[in-house]
Structures are given as C-alpha cells and as structure tokens.
Amino acid sequence: QVQLVESGGGLVQAGGSLRLSCAASGRSFSFYRIGWFRQAPGKERELVAAINWNSGDTYYADSVKGRFTISRDNANNLVYLQMNMLKPEDTAVYYCAARTLATNTYNYWGQGTQVTVSS
C-alpha cells in the first residue's frame with residue numbers, strides 16, 4: 001500500500017526558507033510522478049511543483065517559479081520541496097501526492113503539513 005508522509009512544515013518569516021520532505025513507501029515509484037500541492041483556507045487546492053521519478057522532469061506553477069525547487073532522492077524514496085523567499089501568500093497546508101504516468105489523476109495523498117509565513 002502506497003504511503004506518503006510529509007514533514008518539514010512550520011512557521012517562518014517572510015523572506016525565509018523551509019524544506020519539505022515527502023517519504024514515499026509501499027511500491028516502486030519508477031513510473032510515477034510526485035507532486036506538491038497546497039491549499040490555503042477558502043481557496044482551491046493547487047499544484048505548485050511536480051517531478052517525474054525516473055527522468056527528473058519538473059513542473060512549477062508560475063507563482064513559485066524561481067523560489068521553489070523540487071528534487072528527489074531515489075535511493076531513499078524521498079521527494080523534497082525547497083522553498084525560498086517565502087511570502088505570506090505561500091501560507092497553506094502542503095500535500096505530497098503521487099500518480100502514475102498513465103493518468104492525470106493523483107491517486108495517493110499524504111496527510112499534509114502546515115506552512116505559515118508571517119509578514
């Protein structure tokens with residue numbers, strides 16, 4: 001059974017940095033894409049970054065380009081989201097999710113980790 005466990009959230013001042021981690025287990029993720037989503041109160045969930053497990057191809061939402069970096073550690077089944085130059089509008093619950101490359105639907109989700117950026 002696929003499990004995704006996020007960690008690394010917290011409270012940081014605007015301009016600061018945080019690194020989120022997603023520990024993936026339960027199967028081989030060779031043909032998977034891992035995404036980081038976020039959802040702020042009263043807003044829709046949005047995809048902020050994603051990475052193909054094998055190729056390393058990445059995607060970033062325009063709102064985080066140049067500030068966030070997604071990476072993976074294949075040997076340890078970890079995916080990271082390095083977040084720099086954080087802004088108050090980055091405040092949200094951040095979720096790690098996984099889908100196969102054969103579908104556009106993310107089927108597996110972590111429990112989420114809170115990121116709060118103070119001004």
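## Buried cysteines and a salt-bridge network

With a relative accessibility of 1%, Cys-22 counts as buried in this model, which is predicted. Its partner Cys-96 likewise counts as buried, at 0% relative accessibility, and the two residues form a disulfide in which the sulfur atoms are 2.0 Å apart. The torsion about the S-S bond of Cys-22 and Cys-96 is about -70°, so the disulfide is left-handed. Because Cys-22 belongs to strand S3 (residues 18-25) and Cys-96 to strand S9, the pair ties together parts that are 74 residues apart in sequence. The count of disulfides comes to one.

The count of salt bridges comes to four, and three of their pairs are set out below.

| Pair | Closest N to O distance |
|---|---|
| Arg-38 and Asp-90 | 2.9 Å |
| Asp-90 and Arg-67 | 2.7 Å |
| Lys-65 and Asp-62 | 3.2 Å |

Side chains of opposite charge can pair when their charged atoms come close. Where does Asp-90 lie in the chain? Asp-90 is found in the loop between strand S8 (78-83) and strand S9 (92-100), and with a relative accessibility of 0% this residue counts as buried.

The salt bridge between Arg-38 and Asp-90, with its closest N and O atoms 2.9 Å apart, links distant parts of the chain, since Arg-38 sits in strand S4 (residues 32-39) and Asp-90 in the loop between S8 and S9, 52 residues apart. The C-alpha atoms of these two residues are separated by 8.6 Å, and Arg-38 is itself buried, having a relative accessible area of 6%.

In the salt bridge of Asp-90 with Arg-67, the closest N and O atoms are 2.7 Å apart; because Arg-67 lies in the loop between strand S6 (58-60) and strand S7 (68-73), and Asp-90 in the loop between S8 and S9, this pair ties together parts that are 23 residues apart in sequence. Arg-67 also counts as buried, at 8% relative accessibility. Salt bridges that share partners join Arg-38, Glu-46, Arg-67 and Asp-90 into one network.

The surroundings of Asp-90 extend beyond these charged partners: leaving aside neighbours within four places in sequence, its contacts include Phe-68, Met-85, Val-115 and Val-117. In addition, a polar atom of the Asp-90 side chain lies 2.8 Å from the backbone nitrogen of Lys-87.

Turning to the remaining pair in the table, the side chains of Lys-65 and Asp-62 meet in a salt bridge, and Asp-62 is exposed, with a relative accessible area of 67%.

Note on methods. Residues are numbered from 1 along each chain as its sequence is written. This is a predicted model: local features need pLDDT of at least 70, side-chain atom pairs count only at pLDDT 80 or more; totals for chains, interfaces and linings use all residues. Side-chain values use heavy atoms; hydrogens and water are left out. Helices (H or I, at least four residues) and strands (E, at least two) are DSSP runs, numbered from the N terminus. Buried means under 20% relative accessible area, exposed over 50%, partly exposed in between (1.4 Å probe, protein chains only). Contact means heavy atoms within 4.5 Å. A polar contact is a pair of N or O atoms within 3.5 Å; within protein, one must be able to donate a hydrogen and the other to accept it, and residues adjacent in sequence count only if both atoms are side-chain atoms. A disulfide is a pair of cysteine sulfur atoms within 2.5 Å.
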